[in-house]
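Here is a set of short exercises to work through with the structure open beside you. Try each task before you read its solution.

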Amino acid sequence: MKSKQIRQTFLEFFENKKHQIVSSAPMVIKNDPTLMFTNAGMNQFKEYFLGNSDPKSNRVTDSQKCLRVSGKHNDLEEVGVDTYHHTMFEMLGNWSFGDYFKKEVISWAWELLTEVYGIDKDCLYVTIFEGDKSENLDRDTEAYDYWKELIAEDRILNGNKADNFWEMGAQGPCGPCSEIHVDIRSKEEKAAVDGATLVNMDHPQVVEIWNLVFMQYNRMADGSLKNLPNQHVDTGMGFERLAMVLQNVQSNYDTDVFTPLIREIETITGHTYGKTTQEDIAIRVIADHLRAVSFSIADGQLPSNNGAGYVIRMILRRAIRYGFTYLGKKEPFIYQLVNTLSKQMGDAFPELKSQKNLILNVIKEEEASFLRTLENGLTLLDSMIAGMKSDGSKTLDGKKAFELNDTYGFPKELTRLILSEQGLEMDEEGFSIALKKQQDDSRKASATETSDWTVLVDDDTQEFIGYDKLEADVRISQYRKVTSKKDGELYQIVFNMTPFYGESGGQTGDKGYLESASGDTVYIVDTKKENGQTVHLTKNLPKEIGGTHKVVVDANQRARTAANHTATHLLHQAMRKILGKHVEQKGSMVRSASLRFDFSHFSKVSPEELVEIENFVNARIREQLSLEENRNNTYDQAIEDGAIGLFGEKYGDVVRTIKFGESNELCGGTHVKNTGDIWHFKITSESAVASGIRRIEAITSDAVKDFFTEQSKSFEEIKAVLKNPTKNPAESIVALQDENASLKKEIEQLLKAKAGNLKGDLIASAKSINGVNFIATKTDLDAKSVKELAFNIEKEVENLFLIIGAANGDKATLTVILSKNLVEEKSLDAGKIVRELGKHIQGGGGGQSHFATAGGKNAAGIDAALAAAEELI
Ligand code: ATP
Ligand code: MG
């Protein structure tokens, strides 16, 4: 069965069991402080398990893009080394939100695997949770009883907490689970070793394919378990592993999900898959990581220096490194695979097609820059090795190896490999110590402690009323304390309803205050969204927590933010009109002070284009277009009406559309009622963010006024300084610059003439002492002129001893030139002379034997120096 059909069969099976098919949530999570990437199908439904909001359907199925490279689920080091863990993979899942439970899900899973997909029952094992004393949890006899109706009892195995109690993270929904494992070894192997002994033993042909989680607890901050309001089902089946089973191959990489990529890697690199272990690992790593990185970029997450972007960069670098080390690729090549991936998976994931060029360019540029880093690292390592050889040491200091890795991005494995090729080794322990120290430091710096929610009102879901109101009387439904090094102690408060906008979609959260009935005021310093709730951050709690509180949004900040958000839509519209339809939003930040917009575009936006864009936006402002808001559009209808959505954004079935004239976007942010409220739009900068991504920063309303006030103030200052109010200041400045240039020229000529005159006077002043023509003088010429003068005199006077003292403020220089014959005949040395005479000007110097100079800081000593020179003869 082809992989496409495997996916389709799964979804249809559950659709027939009354499940609604939904689409995958983005793999990169944007509005959840606790999770960077989707690591399981259940992530997007967390808020339903927690009871924060109600699902539209209580039975759902999908195929979810997952990434397991950080946090609780991190498979990165396994990937490529084994044949069944990926960084990015698809998880097929079905869910019950407070609907069916163990009985149904167990029998359906069995039906699908054995009857629909036709997997031999004798290849399957299942596990159940054996219970855990420390958690006070019993053995899952209920699941056992359902399973024994379907499968031989010796194929039902007990599993411990590590394997059979599923948790998403340190806190949150969790529960016991039943896993389904498959044994795909040959008959002979099965006869030799009982499959049951290999379950959960990391055997590449006895692997878990499906996990059925019975979600019924919430893990609290103190580690205890609390019952969730309802019981749920959450299942996840690895799509690539299922394909391996159904396509009768022994590795995920031999399924049609991976073979096209592997064939392409063989073509590009000239290495054949299946020859040596190291090369095979490298090829698998590259095929796997290319997918992870491409899907992330398509989701709007570019490689960068922090957060999710950093993780993506590290994944890509791991692939580059394997290519560099084991496939000998010193030039970018991974980007070429994007074509194959897009062709192969572009139907199921259209973002791979529409974003193809961007993905390709970003990867290519990252490759080129990391390969340069590798080259630099190699040079550095070479010099370390040379050092080791010269002092006979055999082991590279672990700290140095770590520094190479941490500061220069040079991988540890490569360091180890290169050392071993030279019969040297790395101090592994020292490396680990240095690494651990750094990790501890950064953990300490970012550690946050989150207490459990204190729940006061546990009734309905919270209502957002902030599109219409900036004030409301509310009750506190729950609160908790969060302590971090960065922000200190903060309280998170949830109200039964709120006019505060929680940070999302690039728009920052509202600020404002809460006032209790008793008049006690608490400032709300920020507002965020978490698991479908709006969370208000405060430095302290109101004295009385119960009762009604008045909450008020800072109207001025909100108005400025709204102006910037609407302007962002108009800017987006302007760019698509003026630069072309290829312009897509790649990032946006809307604050009260300014807005920032990142977009795909292949070249710098010219000054003329920027003016055109500005004019377009300002024309829409002048047109005074009214806001046309629809909060209850269906997604399909909105798209049909021409609304623009974002890649990598999660949209529900019901969407909100924001229209101003021809601008039409899916958006949850706050906007002005009329474009006239924006007053004016001004671009303040245009720059590059990454290959093919540009950034525009701009301001609106009062900020524009402040900007122009500031500009006009400096302009007035310039005019005042120029004392020339009638003329255009730029012309005045150009005139000044011209004048300055011609004055400079004139001075040079004057200096030359002066030196010329001086030469004649000096030659005439020569005193003959003991057959030496001695000339001494004091001048204020610059160093260059003095040197020229000295050499010109030397050309005309025989047996010359010339000394020139030059004063420039407090600074003094002495220049001595001797005829070359004097140096020999009288054994005089200009260098020695200036060093000796330099004492008078409190300085030192040197030079050749016939020409030397000294500099000092006592100009008053020049006369004494000249007098002393005469004594020398
Ligand atoms: P394993 O023990 O094999 O790492 P797991 O216990 O981490 O699996 P779950 O968290 O239960 O797996 O995820 C559900 C299913 O997703 C698994 O049964 C498996 O089929 C698949 N899966 C998990 N991790 C990966 C991965 N890194 N690559 C591919 N498929 C995976
Ligand atoms: Mg795992």
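**Exercise 1. A salt bridge between two helices**

Is Glu142 buried, partly exposed or exposed, judged by its relative accessibility? Keep in mind that you are looking at a predicted model. Then find the partner of Glu142 and describe the pair.

*Solution.*
- Step 1: Buried means under 20% relative accessible area and exposed means over 50%, with partly exposed in between. Glu142 has a relative accessibility of 36%, so Glu142 counts as partly exposed.
- Step 2: The salt-bridge partner of Glu142 is Lys102, and the closest N and O atoms are 3.3 Å apart. This pair links distant parts of the chain, since Glu142 is in helix α4 (residues 141–148) and Lys102 in helix α3 (residues 102–116), 40 residues apart.
- Step 3: Apply the cut-off to Lys102 as well. Its relative accessible area is 5%, so Lys102 is buried.

**Exercise 2. A salt bridge between two loops**

Which residue forms a salt bridge with Asp520? Work out how each partner is classed by accessibility.

*Solution.*
- Step 1: Asp520 pairs with Lys543, with 3.8 Å between the closest N and O atoms. Here too the pair links distant parts of the chain: Asp520 sits in the loop between β21 (512–516) and β22 (521–530), and Lys543 in the loop between β23 (533–538) and β24 (549–553), 23 residues apart.
- Step 2: Asp520 has a relative accessibility of 14%, so Asp520 is buried.
- Step 3: Lys543 reaches 72%, so Lys543 is exposed.

**Exercise 3. More salt bridges, and how many there are**

Which helices hold Lys759 and Glu796? After that, look for a salt-bridge network and give the count of salt bridges.

*Solution.*
- Step 1: The side chains of Lys759 and Glu796 meet in a salt bridge at 2.8 Å, N to O. Lys759 belongs to helix α21 (residues 729–764) and Glu796 to helix α22 (residues 783–796), so the pair ties together parts that are 37 residues apart in sequence.
- Step 2: Lys759 has a relative accessible area of 22%, so Lys759 is partly exposed.
- Step 3: Salt bridges also link Glu135, Lys161, Glu167 and Arg219 in a network.
- Step 4: The count comes to 42 salt bridges, taking a side-chain nitrogen of Lys or Arg within 4 Å of a carboxyl oxygen of Asp or Glu.

**Exercise 4. A covered helix and some positive phi angles**

How many residues of helix α7 are buried? Then look at the phi angles of Asn248, Asp202 and Asn770.

*Solution.*
- Step 1: Helix α7 spans residues 239–246 and is mostly covered, with eight of its eight residues buried. Among them are Glu240 and Arg241, along with Phe239 and Leu242.
- Step 2: Just after α7 comes Asn248, with a positive phi of about 55°.
- Step 3: Most residues other than glycine have a negative phi. Asp202 is not a glycine, yet has a positive phi of about 60°. Asp202 lies in the loop between α6 (187–192) and β10 (206–219), and at 66% relative accessibility Asp202 counts as exposed.
- Step 4: Asn770, also not a glycine, has a positive phi of about 50°. Its place is the loop between β32 (767–769) and β33 (772–779). With a relative accessibility of 55%, Asn770 counts as exposed.

**Exercise 5. Around Glu425**

Which residues is Glu425 in contact with, leaving aside its neighbours within four places in sequence?

*Solution.*
- Step 1: Locate Glu425 in strand β13 (residues 425–426).
- Step 2: With those neighbours left aside, the contacts of Glu425 are Met388, Lys394, Thr395, Leu396 and Leu419.
- Step 3: Turn to Ser393, which is 32 residues from Glu425 along the chain; the C-alpha atoms of the two are separated by 9.7 Å.

**Exercise 6. The whole protein**

What is the radius of gyration of the protein, and what would a compact globule of 873 residues have?

*Solution.*
- Step 1: The protein has 38 Å, whereas such a globule would have a radius of gyration near 29 Å.
- Step 2: Along the principal axes, the C-alpha atoms fill a box of roughly 125 × 75 × 55 Å.
- Step 3: The secondary structure comes to 25 helices and 37 strands, and buried residues make up 50% of the 873 residues.
- Step 4: Among contacts between residues at least 6 apart in sequence, 67% join residues at least 24 apart.

Definitions and conventions: Residues numbered from 1 in each chain as written. Chains lettered and ligands numbered in written order. Predicted model: local features only at pLDDT ≥ 70, side-chain atom pairs only at ≥ 80, totals over all residues. Heavy atoms only, no water. Helix = DSSP H or I, 4+ residues; strand = E, 2+ residues; numbered from the N terminus. Rg over C-alpha atoms; globule rule 2.2 N^0.38 Å. Buried < 20%, exposed > 50% of the residue type's maximum accessible area, 1.4 Å probe, protein only. Contact = heavy atoms within 4.5 Å.
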